[in-house]
Amino acid sequence: MGSQAQDQKKVKIDGQTVSLTSLSKPLWPKADIKKARYIQYLHDVAPAMLPFLSNRLLTVIRYPHGVEDESFYQKNCPDYAPDFVQTQVAEDIEYIVCSDLPSLIWLGNQLAFEFHIPFQTIKSKGPSEIVFDLDPPSRDKFSLAIEAALMIKDIIDRLKLISYVKTSGNKGLQIYLPLPENTYSYEDTRRFTQFVAKYLVKKEPDWFTTERLKVNRGQKLYVDYLQHAEGKTIVAPYSARGNEEALVATPIHWHEVTKDLSPTDYPMTVIKERLAKGCPFKNFFKDKEKQNFQPVLDWLTEQGL
């Protein structure tokens, strides 16, 4: 009875009571991460993670028995969610909007490992950022993601744009460009992402492709400019992933994007220590208003693109 009591408890978080259960359950067995440790991880990263979840329609992937068993996507908020969990209806789906710590910890207790968010908030008209998803065919081809990221960084710097980069937590990299709210359309951003994607393929046709069908990509990296669109989602910064190593979609500094970078460098167990030195995305929201994207659109128009 005593051990069962230790395995569950109620905690007060920002004035809300959150029930925690099955705290000794193994979630990532090979990484020796049990449920209590995962919930502690979410608590530790919340100050850096919540700004990206806040006011966004949330899709989660839940792993009821840990990463070695089946998972499922969840968009609709379950009926048993506590009253403090905020929701928003869109296209007949009652989405969770995870804008606070009690909601994040409750989702962690529901064994939501992956947090996927759209490119805009519930208050936005148009995208809140541009994201390039650089997806190599396998982890063995991660060097292609590094090459693509550095080539895109060169383009972005020449255009005097502000950019950030993170690992996907699986086998790729993702590049973010913050945008001022309610200023640009997805058609505007698609013109830019398509230009960059086609530039990469033209420069290195043996490395990169925009081919949507996996069977036709061979061993090339897929530059997915179509993924950046209304209704599409991307894994949130600091979200854990459902792989055996407990890797995290980790914000990194541009100077860390070198040939020595590995997709397995950032498991959950190292993130707290990294954050103690500061989050590489800490100025992301300040930079939104500084981002001057209009000259890029004007230039694309001049080029007939």
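**Exercise A: a pair within a helix**

Asp 157 is partly exposed, with a relative accessible area of 39%; work out which residue it forms a salt bridge with.

*Solution.* Before you start, note that this is a predicted model, where local features need pLDDT of at least 70, side-chain atom pairs count only at pLDDT 80 or more, and totals for chains, interfaces and linings use all residues. Residues are numbered from 1 along each chain as its sequence is written, and side-chain values use heavy atoms, with hydrogens and water left out.

- Set the rule: a salt bridge needs a side-chain nitrogen of Lys or Arg within 4 Å of a carboxyl oxygen of Asp or Glu.
- Find the partner: Lys 153 fits, with 2.8 Å between the closest N and O atoms.
- Place the pair: both sit in helix α4, four residues apart, so about one helical turn separates Asp 157 from Lys 153. (Helices are DSSP runs of H or I with at least four residues, strands are E runs of at least two, and both are numbered from the N terminus.)
- Check the exposure: Lys 153 counts as buried at 18% relative accessibility. The classes are buried under 20% relative accessible area, exposed over 50%, and partly exposed in between, using a 1.4 Å probe and protein chains only.

**Exercise B: a pair far apart in sequence**

Which parts of the chain does the salt bridge of Arg 241 and Glu 114 tie together?

*Solution.*

- Start with the count: the model has 13 salt bridges by the rule above.
- Look at this one: the side chains of Arg 241 and Glu 114 come to 3.2 Å, N to O.
- Locate the ends: Arg 241 is in the loop between β15 (233–235) and β16, and Glu 114 is in strand β9 (residues 112–118), so the bridge ties together parts 127 residues apart in sequence.
- Are the partners buried or exposed? Arg 241 is buried at 13%, and Glu 114 is buried at 6%.
- For contrast, try Asp 260 and Lys 259: they meet at 3.6 Å, N to O, and both are exposed.

**Exercise C: read the six-stranded sheet**

Give the strand order of the open sheet of six strands, then find what packs on it.

*Solution.*

- Write the order: β13-β14-β10-β12-β11-β16, with mixed pairing. Two strands pair if DSSP finds at least two bridges between them.
- Mark the edges: β13 (208–209) and β16 (251–252) each have a single partner strand, so one side of each has no neighbour in the sheet.
- Zoom in on one pairing: β10 (residues 129–135) and β14 (residues 221–224) run antiparallel, joined by three bridges. Leu 134 stands opposite Val 223 in β14.
- Add the helices: α5 (residues 186–203) packs on the sheet, touching β10, β12, β13 and β14, with its direction at about 30° to that of β10. Helix α4 (residues 142–158) lies across β10, β12 (173–178), β13 and β14, at about 20° to β12. Contact means heavy atoms within 4.5 Å; axes are lines fitted to C-alpha atoms (for helices, over the stretch in contact), and angles run from 0 to 180 degrees between N-to-C directions.

**Exercise D: strand β8 and its partners**

Is strand β8 largely enclosed or open?

*Solution.*

- Count the buried residues: four of the five in β8 (residues 93–97) are buried, so the rest of the structure largely encloses this strand.
- Take one partner: β5 (residues 57–62) pairs with β8 antiparallel over two bridges, with Leu 58 opposite Ile 96.
- Take another: β7 (residues 86–90) is joined to β8 by five bridges, also antiparallel, and Ala 90 stands opposite Ile 93.
- Inspect the turn: the hairpin of β7 and β8 has two residues between the strands, and Glu 91 there has a positive phi near 50°.

**Exercise E: two more backbone angles**

Where do Ser 22 and Tyr 238 lie, and are they buried or exposed?

*Solution.*

- Recall the background: most residues other than glycine have a negative phi.
- Ser 22 has a positive phi near 50°. Ser 22 lies in the loop between β2 (16–20) and β3 (26–28) and is partly exposed at 30%.
- Tyr 238 has a positive phi near 75°. Tyr 238 is in the loop between β15 and β16 and is buried at 2%.
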